[in-house]
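Ready for a few hands-on exercises? Take a look at the sequence and the model, then work through the tasks at your own pace.

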Amino acid sequence: MNKMNTWRTIAIVALCLPCATWAQGEQTMTSTPTSAARSLKQDANLYQVDDKLFRSEQLVAEDKLAVQSLGIKSIINLRFFNRRGNEKLFTGDDIELLNRPLLTWDVKPAQIAHILWTIEQQQKKGAVLVHCYHGADRTGTVIGMYRIIYQGWTIDAAKREMQKGGFGYHSIWKNLERLFTEENVQKVRVELQKLRATQS
């Protein structure tokens, strides 16, 4: 291949890259994306996980319009303390507010299963947003398990996104990292099956 053909090939590849990136970004709009969460509002740590799931930190008044524009029908608050922020912000809106409190230092597989079950049920009504205070640690753990159980991600990939995905994960929470094992994932699956059986 001569230099002219080489440069033509490079130019064609360069022109196609934005299309490939766009196509990959569109995959986050499906229920089984292969790419990472898509940032929507950086100052709210607001990301789209898939077409029915979003994640964020504790929302404030400046975030309300962004949330409303996404068609979110349910907000699941994982905060253990100070859980009244959503009521002040979204009361009167067409958004169901649910509290599923987690203590960051004491999260159990059964609790994760109950939150995933809540997400699963609420998604029948529309898109769901999950948050804690920072939208990094408890939220990251729940989203990581969602990736594994509903989207078929590997444990390593889900854990890597939680820690390195740009959400501000705090490495002090070693107990959250230790939840990402085959044994714990299986515990979550078993508990989910029990919860589903109650609906049969």
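Below are five exercises, each with a worked solution.

Before you start: this is a predicted model, where local features need pLDDT of at least 70, side-chain atom pairs count only at pLDDT 80 or more, and totals for chains, interfaces and linings use all residues. Residues are numbered from 1 along each chain as its sequence is written, and side-chain values use heavy atoms, with hydrogens and water left out.

**Exercise 1. The overall layout**

Task: Find how many helices and strands the chain has, and in which order they come.

Solution:
- Begin with the count: there are eight helices and six strands in the chain. Helices (H or I, at least four residues) and strands (E, at least two) are DSSP runs, numbered from the N terminus.
- Next, read along from the N terminus, and you get α-β-β-β-α-β-α-β-α-β-α-α-α-α.
- Now for burial: of the 200 residues in the chain, 44% are buried. Buried means under 20% relative accessible area, exposed over 50%, and partly exposed in between (1.4 Å probe, protein chains only).
- Finally, take the contacts in the chain with a separation of 6 or more: 60% of them come from residues 24 or more positions apart. Contact means heavy atoms within 4.5 Å.

**Exercise 2. The sheet**

Task: Work out the strand order of the sheet and say which strands sit at its edges.

Solution:
- The six strands make an open sheet with mixed pairing, in the order S1-S2-S3-S6-S4-S5. Two strands pair if DSSP finds at least two bridges between them.
- At the edges are strand S1 (38–41) and strand S5 (96–99), each of which pairs on one side only.
- From one strand to the next, the twist averages 25 degrees.
- Look at the S5 edge: strand S4 (residues 72–77) runs parallel to S5, and four bridges join them. Asn-77 has Asn-99 in S5 as its bridge partner.

**Exercise 3. Strand S2 and its two hairpins**

Task: Describe how S2 pairs with S1 and with S3, and what the turn holds between S1 and S2.

Solution:
- On one side, three bridges pair S2 with S1 in the antiparallel sense; Ser-39 is matched with Tyr-47 in S2.
- S2 is also joined to strand S3 (residues 53–56) by three bridges, and these two run antiparallel. Here Gln-48 stands opposite Phe-54 in S3.
- Both pairs are hairpins: S1 and S2 have four residues between them, while S2 and S3 have two.
- Asn-45 lies in the loop between S1 and S2. Its phi is near 50 degrees, a positive value in a residue other than glycine, and Asn-45 is buried, with a relative accessible area of 6%.
- As for S2 (residues 46–50), five of its five residues are buried, so it is largely enclosed by the rest of the structure.

**Exercise 4. Two helices side by side**

Task: Describe how H5 and H6 pack, from their axes to the residues that meet.

Solution:
- Know what to look for: two packed helices are described by the angle between their axes and the distance between the axes.
- The axes of helix H5 (residues 138–151) and helix H6 (residues 155–164) come within 9 Å and cross at roughly 155 degrees. That makes H5 roughly antiparallel to H6. Axes are lines fitted to C-alpha atoms, for helices over the stretch in contact, and angles run from 0 to 180 degrees between N-to-C directions; angles under 35 degrees count as roughly parallel, over 145 as roughly antiparallel, 65 to 115 as roughly perpendicular and the rest as oblique.
- Then list the residues: Gly-140, Thr-141, Ile-143, Gly-144, Arg-147 and Ile-148 in H5 meet Ile-155, Ala-158, Glu-161 and Met-162 in H6.

**Exercise 5. Two buried helix residues**

Task: Which residues do Leu-195 and Glu-120 touch?

Solution:
- Leu-195 sits in helix H8 (residues 182–197) and is buried, at a relative accessible area of 11%.
- Not counting residues up to four places away in sequence, Leu-195 touches Ala-113, His-114 and Trp-117. The C-alpha atoms of Leu-195 and Ala-113 are 8.6 Å apart, with their positions 82 residues apart along the chain.
- Glu-120 belongs to helix H4 (residues 109–122) and counts as buried at 18% relative accessibility.
- Leaving aside neighbours within four places in sequence, Glu-120 is in contact with Tyr-150, Leu-192 and Arg-196.
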